[in-house]
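Let us walk through this structure, from its overall dimensions down to single residues. Keep the 3D view open as you read.

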Amino acid sequence: EGSDARGQGRWSLAAARFAGLALVSENPNANGVFRFELDGDETLQGQARVVLAQSRLDAAAQADLRAMFPDIPGAPVGPTFAQAERALDAAADRFDLSIPLEISANETGTRLQITAPAEAHAASGAVLRLAPLRTDAPALVLQWPGPALYGAVELELSGGGAPNTGVLLDTVNWRPEAPFEADGTVTFANWRAANASIAADELGIGIVVQPRGGGRVDLRGPARITGPLGDGEVRDLVATLDLAVQWGEGWRVTPNRGCLPIRLGGLDAAGLSFADGNLSLCALNGALIAADAARNLSGGFSVRGLALNGRMAGPDGQPARVSAANVVGLFRGRTGDFTLAIEADAPRLAIEMTEARTLAVTLERLTADASIAESWRISGGFDAGTLSDPALPGSVSAITGAWTAEPVDGKPLIRVNAGEALLTANRPDTEANRPLFHTLRIVGADAVLQDGDINASGAVVLEGRGEQLASFVARHDVSEGTGTATVTADRISFGP
């Protein structure tokens with residue numbers, strides 16, 4: 001008769017295509033029930049389920065997703081970032097999204113709420129689950145007038161090669177033409193790729209996504225990282241994070257305050273293995289690393305008072321210590337094919353061959369341009385160096401030259417080209433004895449360090465007069481501390 005003031009019903013909706021909210025669905029549908037009351041406050045209540053089947057993120061959203069992961073394959077985090085980017089990119093290409101909703105309306109406005117878990121199942125096997133963070137409150141609320149979105153959310157990501165991730169967002173807020181903002185904690189478990197991994201137990205996280213693209217993620221707390229570094233490996237590096245990752249017209253990684261404290265569980269590089277080191281990583285030129293829209297890299301870091309204790313590679317594993325007053329690294333090139341230019345002030349390598357014998361190499365300055373793409377190569381120089389070893393009959397100083405390093409058959413090969421050094425005999429035991437040899441200079445020296453062996457060649461000249469006395473070929477076994485040298489003189493003459 002049209003006189004009832006209340007009622008209920010069912011509804012369903014289907015469409016050929018839906019495009020919006022940063023996704024496209026080729027098979028959208030929805031259904032639900034409703035109840036209304038026209039007496040008093042004139043309310044409407046209902047439940048619904050929206051299914052966006054055969055969905056994909058739109059091109060802009062997929063580009064933003066890829067931009068969130070810096071492309072740095074030669075860094076310890078490179079393989080894990082690349083694996084996560086591939087997995088999420090594949091998941092974004094094809095997924096089914098199911099969202100349960102509660103609907104309420106009255107004279108003051110309309111509210112859509114998610115009070116039960118919503119899930120996205122990707123064809124790749126990845127699953128994203130969104131649920132209420134609290135038992136007494138919905139996960140998300142979208143209300144009119146506004147519109148405005150707010151809530152408290154638990155997110156779980158797993159499967160399909162994606163890192164197992166748990167996100168607890170205490171606050172979520174959005175309005176049209178305003179940033180999407182969220183704050184909470186994130187946990188990474190079993191984020192692995194080949195010989196690399198990232199783990200974190202409750203990192204503080206803040207998320208801001210701008211309405212026209214770009215955004216920022218702030219991370220606070222300890223993260224444990226294992227991964228490759230050139231031909232070597234970083235193990236159990238624990239970085240106490242307080243940094244921002246920003247994207248939009250490129251990306252950049254910057255500390256929020258001061259430097260990042262880092263504890264190093266282990267480092268294998270260039271025939272050395274280090275453990276239990278501590279250092280502080282400070283940003284240069286405004287960012288630890290950054291890239292513009294054309295993928296050109298910038299930024300860098302400095303490490304003051306570097307000191308690492310470890311051992312040489314090989315069965316003997318002699319104790320070794322590397323130190324430097326300051327180390328600076330600057331990024332150049334483009335993502336995927338870049339150079340890290342490193343300069344170390346007063347670097348020193350000390351190897352304890354025996355309790356009574358320490359071999360030490362000290363330089364005034366060491367440079368290294370590390371080119372990192374699918375493989376790696378390092379080139380640089382050194383000057384004002386000294387070598388001391390109690391087993392030698394003299395001292396070696398004024399060491400200068402250029403050097404390179406690259407992998408050959410999976411092992412590092414280090415070359416020294418056109419090196420020079422000054423050889424000075426040890427002081428005689430008594431005034432009556434003469435020095436074992438005159439002061440000499442090694443010139444045109446070339447050396448190769450591979451598999452624990454040093455093979456070198458060059459010429460010996462008399463210091464001050466420049467006359468070549470001989471040429472030499474030498475071999476030195478670093479682990480044994482022994483070697484041989486063959487000296488060839490074309491002519492020897494004796495005179496007063």
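Begin with the overall dimensions. A compact globule of 496 residues would have a radius of gyration near 23 Å, whereas this chain has 32 Å. The model is a predicted one. Along the principal axes, the C-alpha atoms fill a box of roughly 135 × 40 × 35 Å. Strands make up most of the list of elements: the chain has 33 of them, and two helices.

Next, burial and surface. Of the 496 residues, 39% count as buried. The accessible surface of the chain is about 26400 Å². Carbon and sulfur atoms account for 53% of that surface. As for contacts, consider those between residues at least 6 apart in sequence. Of these, 47% join residues at least 24 apart.

Now go to the N-terminal part of the chain and find Gly9. Gly9 sits in strand β1, which covers residues 6-14. Set aside the neighbours within four places in sequence, and Gly9 is in contact with Gly32, Val33 and Phe34. Phe36 is 27 residues away from Gly9 along the chain, yet their C-alpha atoms are separated by 9.1 Å.

Move on to helix α2, residues 78-93. This helix has 16 residues. From first C-alpha to last it reaches 23 Å, close to the 22 Å expected at 1.5 Å a residue. Which of its residues are buried? The buried set opens with Gly78, Pro79, Thr80 and Phe81. It continues with Gln83, Ala84, Ala87 and Leu88, and ends with Ala91 and Ala92.

Phe81 leads to the aromatic side chains. The structure holds five aromatic pairs. In one of them, Phe81 and Trp191 are stacked, at 6.0 Å centre to centre and 25° between the planes. This pair links distant parts of the chain: Phe81 belongs to helix α2 and Trp191 to strand β12 (residues 180-193), 110 residues apart. Why does Phe81 count as buried? Its relative accessible area is 18%, and the cut-off is under 20%, so Phe81 qualifies. Trp191 is buried too, because its relative accessibility is 6%. Ring pairs also bring in further residues, linking Phe69, Phe81, Phe188 and Trp191 into a cluster.

Stay with Trp191 and look at one of its contacts, Ser197. Ser197 lies in strand β13, residues 196-209. Beyond its neighbours within four places in sequence, Ser197 is in contact with Thr80, Trp191 and Arg192, and also with Arg224, Ile225 and Thr226. Thr80 is one of the buried residues of α2, so the contact list of Ser197 includes a residue of that helix. Is Ser197 itself buried or exposed? Ser197 counts as buried because its relative accessibility is 16%.

Finish further along the chain, at Gly300. Gly300 is in strand β21, which spans residues 300-312. With a relative accessible area of 0%, Gly300 is buried. What does Gly300 touch, not counting residues up to four places away in sequence? One group of contacts is Cys282, Ala283, Leu284, Ala287 and Leu288. The others are Gly329, Leu330 and Phe331. The C-alpha atoms of Gly300 and Leu340 are separated by 8.4 Å, although the two residues are 40 apart along the chain.

Note on methods
Residues numbered from 1 in each chain as written. Predicted model: local features only at pLDDT ≥ 70, side-chain atom pairs only at ≥ 80, totals over all residues. Heavy atoms only, no water. Helix = DSSP H or I, 4+ residues; strand = E, 2+ residues; numbered from the N terminus. Contact = heavy atoms within 4.5 Å. Expected span 1.5 Å × (residues − 1). Buried < 20%, exposed > 50% of the residue type's maximum accessible area, 1.4 Å probe, protein only. Phe/Tyr/Trp six-rings, centres within 6.5 Å; stacked < 30°, edge-to-face > 60°. Rg over C-alpha atoms; globule rule 2.2 N^0.38 Å. Areas by Shrake-Rupley, 256 points an atom, 1.4 Å probe, with all protein chains shown as cover.
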